[in-house]
Amino acid sequence: MSNKSTKGIWKVITASSLGTMIEWYDFYIFGSLAVVLSTKFFPTDNPSAAFLSTLATFAAGFVVRPFGALFFGRLGDLIGRKYTFMVTLLIMGGATFLIGCIPGYKSIGFLAPLLVLILRLLQGLALGGEYGGAATYVAEHAPKNQKGYWTSWIQTTATAGLFVSLVVILLTKGILSKEAFEEWGWRVPFWISIFMVVISYLIRKNMVESPVFAKAKLEGKTSVNPLKESFNNRFNLKFVLLALFGATMGQGVVWYTGQFYAMSFMKTVQNIDASQVDTLLGMALLIGTPFFVVFGWLSDKIGRKSIMMTGLLLAVFLYRPIYRQMYDLTDSKAMKQGGNPVIPESCKEVGSPVATVFTEPDKWDPTVKNTRVFIESKSDTTFSDGAKFHYTKTDTLYLAKELAYDFKSNTANEIWLKYDTYDRSGALVHHKVKLKNGLKAGDVPAKTDTLGTVALRQFTDGSSAHKSHEHGISTRANIIVLKNIGGEVKWVLVFLVFIQVLLVTMVYGPIAAFLVEMFPVKIRYTSMSLPYHVGNGIFGGLLPAISTYFVTTAKSIGNPEFYLEGLWYPIGIAAACFIIGMVYIDRKINTLHD
């Protein structure tokens, strides 16, 4: 469709966008449910390690995307765009459905994370072939000088897929109880995917091949070896590298910072309730998504380079101020200093403390049975703007002996632990807490004093790298905060995330047309797919894991601004990409293959 006619192009846009959106949905529900999945497919004794392992598995899907780009890009340039991205759709949908069927770590052990990893890799391979096919297919139907506008509709699908994944998760959580969702309901978003994939497959099945590719094939001008022509040709390889380091590398980190890192930051650093985070992010995405089309259309008028480079530069200078403001909005100390005090009468305990007991052989002396007693208590605090903070405090007691129950009873239904600790002033403090596990087979809970009045030495440095003591010791309490924000803070957060989404639309809206125009028809699918998926899959996909590692490391060494350290990665990559793009990208590049 090289003339100005747009007859039938909306059918092309709808069929391509729907399938691509579903593939992004499949890909991103894993990331949206990362916190829950870390407790299902990985050991739960170290939550931070489990979460990092989940992010690493999430990132693995991104790392293999370039290999999918090479494999399916080659097929797309040999046999056609249509059939190739029909195959990728089926692979993605099948892998997603099966992730929802895998038993948890408690059932099959390390086989669970292994199977998840394999399916995640299949997802990455499929997505590596999908995007290039959809973007090329639409661009080759679009009229000359309108490619930015029409391909920008494809650019909305990644954000739309994330948005739909959030909506499905929120609806599932709303329909099911919290217990049911955590037990099995988290699988539903994975299962739903199969129905959407079938519908998209039936739509794509009735599509015709790209007219540009069909013409090239009819004239015998298609490539015999797309990989060799794309990467062994020094002239073409130069453009592949320029596309990567001057455009997609920066675009990738901006995309994932503005959407996925923002979501992870609110959930794991700000500790905002997950459902509320999904709602806030969903609102920002809904407002920001139309700007993909706006900037795609504008790039047809003033050029792709100026818009993308402006987005990169703004990201470099705005990320740290934005995230500092986000953190301060929900930091209790900053809230109080900003005139948002705690309502004194709102501070109260929720329920009674409960204890959980774990007994295991000592690592150095197997004849010694070590017992860890986790004592959990909950409390609530409300601020003047309506924000509610829910605190869960866990004290850990260590004993170099196995707990013995004094007697059995057929009538009593509780076990109580009594213990004493010394506070920082040296005063003796008496404690009594209900036990919620620890019974052996055949035991009936009995009211008994299990620990007696042993005085437990209290350590306040938080260190747990020690052997248990016969008389017991306790570590400093671990406090987890879950926040429900309210008032104008909610809208300020939506605005701050929207600004990040706006930067995403600037760098991502024009990128499909930019890449398509760089390469000739016969090797277009292969040549544009590789830099796109290296930029997004490697540089962008590794961002959550790398940035989270930076944050946790900075926090462990006591850096007061630990929450900003994860931003150095996207800022550095975006800055380098801006410099390379400004120096080496020439407007003539995108008119070579009009």
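Good morning. A residue counts as buried under 20% relative accessible area, as exposed over 50%, and as partly exposed in between. I begin with that scale because several residues in this talk are placed on it, Glu561 among them: at 28% relative accessibility, Glu561 is partly exposed. Please also keep in mind that the structure before you is a predicted model.

Let me start with the charged pairs. The structure holds 7 salt bridges, and I shall go through several of them.

Glu561 is a member of one such pair. Its partner is Arg320, and the closest N and O atoms of the two are 3.8 Å apart. Glu561 sits in the loop between helix H21 (543-556) and helix H22 (568-584), whereas Arg320 belongs to helix H16, so this salt bridge ties together parts that are 241 residues apart in sequence. Arg320, at 18% relative accessibility, counts as buried; the value falls under the 20% limit.

Helix H16 takes part in a further salt bridge, between Arg304 and Glu517, with 2.6 Å separating the closest N and O atoms. Arg304 lies in helix H16 (residues 304-329), while Glu517 is in the loop between helix H19 (511-516) and helix H20 (524-540), so parts that are 213 residues apart in sequence are tied together here. Are these two residues buried or exposed? Arg304 is buried, with a relative accessible area of 9%, and Glu517 is buried as well, at 8% relative accessibility. Moreover, the pair is part of a network of salt bridges, in which Asp300, Arg304 and Glu517 are linked.

The next salt bridge joins the side chains of Lys267 and Asp278, at 3.2 Å from N to O. Lys267 is in helix H13 (residues 234-269) and Asp278 in helix H14 (residues 274-288), with their positions 11 residues apart in the chain. Lys267 is buried at 14% relative accessibility, and Asp278 is buried with a relative accessible area of 1%.

The loop between H13 and H14 also deserves attention, for it contains Asn271. Asn271 has a positive phi of about 60° although it is not a glycine, and with a relative accessible area of 24% it is partly exposed. Where else does a positive phi value occur in a residue other than glycine? One case is Asn145, whose phi is near 70°. Asn145 is placed in the loop between helix H7 (111-139) and helix H8 (147-175), and at 57% relative accessibility it counts as exposed.

I turn now to the nonpolar residues. In soluble globular proteins, nonpolar side chains tend to be buried together. In this model, the largest nonpolar core has 129 residues, and those that touch the most other members are Tyr28, Tyr131, Val254, Tyr323, Met326 and Tyr508. Which helix gives the most to this core? The answer is H13, with 18 residues.

Tyr131 may serve as an example from the core. Leaving aside residues up to four places away in sequence, Tyr131 touches Ile154, Gln155, Tyr508, Ile511, Ala512, Met528, Tyr532 and His533. There is also a second, separate core of 6 residues, which includes Ala355, Val373, Ile375 and Leu397.

Some nonpolar residues lie at the surface instead. Phe67, Leu111, Leu114, Leu115, Leu117, Ile118, Leu122 and Leu125 form a nonpolar patch there, with about 650 Å² of accessible area together. The largest share of the patch, 7 residues, comes from H7. Leu125 is located in that helix, and it is partly exposed, with a relative accessible area of 31%.

Two shorter points remain. The first concerns strand E2 (residues 369-382), where Thr371 is found. Thr371 counts as buried, at 0% relative accessibility. The C-alpha atoms of Thr371 and Glu360 are separated by 6.6 Å, and these residues are 11 apart along the chain.

The second concerns cysteine. A disulfide is a covalent bond between the sulfur atoms of two cysteines. How many disulfides does the structure hold? The number is 0. Of the cysteines, I mention Cys101, which is partly exposed with a relative accessible area of 39%, and Cys577, which is buried at 0% relative accessibility.

Thank you for your attention.

Note on methods:
Residues are numbered from 1 along each chain as its sequence is written. This is a predicted model: local features need pLDDT of at least 70, side-chain atom pairs count only at pLDDT 80 or more; totals for chains, interfaces and linings use all residues. Side-chain values use heavy atoms; hydrogens and water are left out. A salt bridge is a side-chain nitrogen of Lys or Arg within 4 Å of a carboxyl oxygen of Asp or Glu. Helices (H or I, at least four residues) and strands (E, at least two) are DSSP runs, numbered from the N terminus. Buried means under 20% relative accessible area, exposed over 50%, partly exposed in between (1.4 Å probe, protein chains only). A disulfide is a pair of cysteine sulfur atoms within 2.5 Å. Patches are made of residues with over 30% relative accessible area and no salt bridge: like charges are joined within 9 Å, nonpolar side chains (Val, Leu, Ile, Met, Phe, Trp, Tyr) within 5 Å. Accessible areas come from the Shrake-Rupley method with a 1.4 Å probe; for residues, only the protein chains shown count as cover. A nonpolar core is a set of buried Ala, Val, Leu, Ile, Met, Phe, Trp, Tyr and Cys residues joined through side-chain atoms within 4.5 Å. Contact means heavy atoms within 4.5 Å.
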